[in-house]
Amino acid sequence: MAGEFYKIRRLPPYVFEQVNRRKAALRANGADIIDLGMGNPDLPTPKHIVDKLCETARKPDVNGYSASRGIPGLRRSLVNYYKRRFDVTLDKDREVIVTLGSKEGFANLAQAISAPGDVILAPDPSYPLHSFGFIIAGASIRGVPAHTPEQYLSNIDHAIRYSVPPPTAMVLCYPSNPTAAVADLDFYKEAVKVARKHDMWILSDLAYNEIYFDDPPPSILQVDGARDLAVETTTLSKTYSMAGWRIGFAAGNERLIGALGRVKSYLDYGAYTPIQVAACAALDGPQDCVAEAREIYRARRDILVESFGRAGWDVPKPTASMFCWAPIPAQCKGMSSLEFSLALINEAGVAVSPGSGFGERGEGYVRIALVENEQRIRQAARNIKRFLQSCEADSRAADNALEERGAVS
């Protein structure tokens, strides 16, 4: 009975947990921590969605088991959304399934299609589940450099050529978590072409499709023939600030949707029916709340980029998602992303996510979430300015000490 379980041995320590533990300890001692780490929406769920939940929950016949694949009305609402947003026509019974958030859907898709020894191509850096969902399922991951969509595609052929056995699937995530990069329709056309040529499935994560500041991001299902080999997961968590509600979807290839449905039929009875009814109200109801949230994130992004820049930290401006992906400031050269994140929370009271938690190629970066209000973002910038000035002073002092030792010797 000694030793770790097999699947637990395949999972490294959760990098983010070290920052979270430090954050909890500081708060327990009364520290004011400005949390820009976890992508947990702070905006309220729109009132009409909450009202529909409450109204439905009062009915006497909604508290039993629900449907694992999702109630028909909600699958119909998603079909209507895809037609309205992407001009894509889906079959609600064969090409759509409701999930307990996109994370659960993605993880169970990995379970459904993976066998031990399978090779999966995943972007690096990327959201940890894109790799570890498959690792938990027993597959092997080949990380492909992916700071931009173009870099990812340009390295795919090399990864395929040197993978044994040949890859069975590739993962996409645009707008990207963590890099905030956005893919266009030409990217998806090329990805479908590559997958078809090499007989691979595509799993596309579209969690941030409604948080954009330029052109609306496309869906891979807009590409002719994509449904022959691709499935797309999405969620209401970010679009409608419903993260804790755990409601999402998978849509696309009938065979993949069927496999996911079969796995889920053994694992859950679907989301609570009133939550599913409220999700219908979200998708079918007024969308001005989505536009308002988008503008709030845009304002926060602009203030963060401008105020952090004045503080001495140049943060690239994202065109989508609720994140900024920033290189570690020059004043902190030599620090790993985890060391920098811990120093920032200890010395400046600002929490960010270390880039190394998103893969080997995330080292040297941190992810900053736009989940605090404008006043708190400005306060974070003031704290960071003092921290960076202190780092710069320490670096100068160290350089001077080295020069003095050299002169003495």
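## Exercises on a predicted model

Strand β5 (residues 169-173) has five of its five residues buried, so the rest of the structure largely encloses it. Buried means under 20% relative accessible area, exposed over 50%, and partly exposed in between (1.4 Å probe, protein chains only). Strands (E, at least two residues) and helices (H or I, at least four) are DSSP runs, numbered from the N terminus.

This is a predicted model: local features need pLDDT of at least 70, side-chain atom pairs count only at pLDDT 80 or more, and totals for chains, interfaces and linings use all residues. Residues are numbered from 1 along each chain as its sequence is written, and side-chain values use heavy atoms, without hydrogens and water.

**Exercise 1.** Sort the residues of β5 by direction, then find the bridge partners of Met170.

*Solution.* Step one: Ala169, Val171 and Cys173 point one way from β5. Met170 and Leu172 point the other way. Step two: look at the neighbouring strands. β3 (residues 119-124) runs parallel to β5, joined by two bridges. β6 (residues 201-205) is also parallel to β5, over five bridges. Two strands count as paired if DSSP finds at least two bridges between them. Step three: Met170 stands opposite Leu121. In β6, its bridge partner is Ile202.

**Exercise 2.** Work out the strand order of the open sheet that holds β9, and name its edges.

*Solution.* Step one: the order is β9-β12-β11, with antiparallel pairing. Step two: β9 (323-327) and β11 (353-354) are the edge strands, as each pairs on one side only. Step three: β9 meets β12 (residues 365-369) over five bridges. Within β12, Ala369 stands opposite Phe323.

**Exercise 3.** Describe the largest cavity and the elements that line it.

*Solution.* Step one: fix the term. On a 1 Å grid over the protein atoms alone, a cavity is a set of points where a 1.4 Å probe fits but cannot get out; lining residues have an atom within 4 Å of a point. Grid points are joined across faces, edges and corners, and the volume is the space filled by probe spheres set on the points. Step two: the structure holds one cavity of 30 Å³ or more. The largest has a volume of about 70 Å³. Step three: its lining includes Leu78, Tyr81, Thr234 and Thr235. α4 (72-86) and β7 (230-235) are the elements that give two or more residues to this lining.

**Exercise 4.** Place Ile8 and state its exposure.

*Solution.* Step one: Ile8 sits in helix α1 (residues 6-9). Step two: its relative accessible area is 39%, so Ile8 is partly exposed.

Methods:
On a 1 Å grid over the protein atoms alone, a cavity is a set of points where a 1.4 Å probe fits but cannot get out, and a pocket is an open set with protein on both sides within 12 Å along at least five of seven lines; lining residues have an atom within 4 Å of a point.
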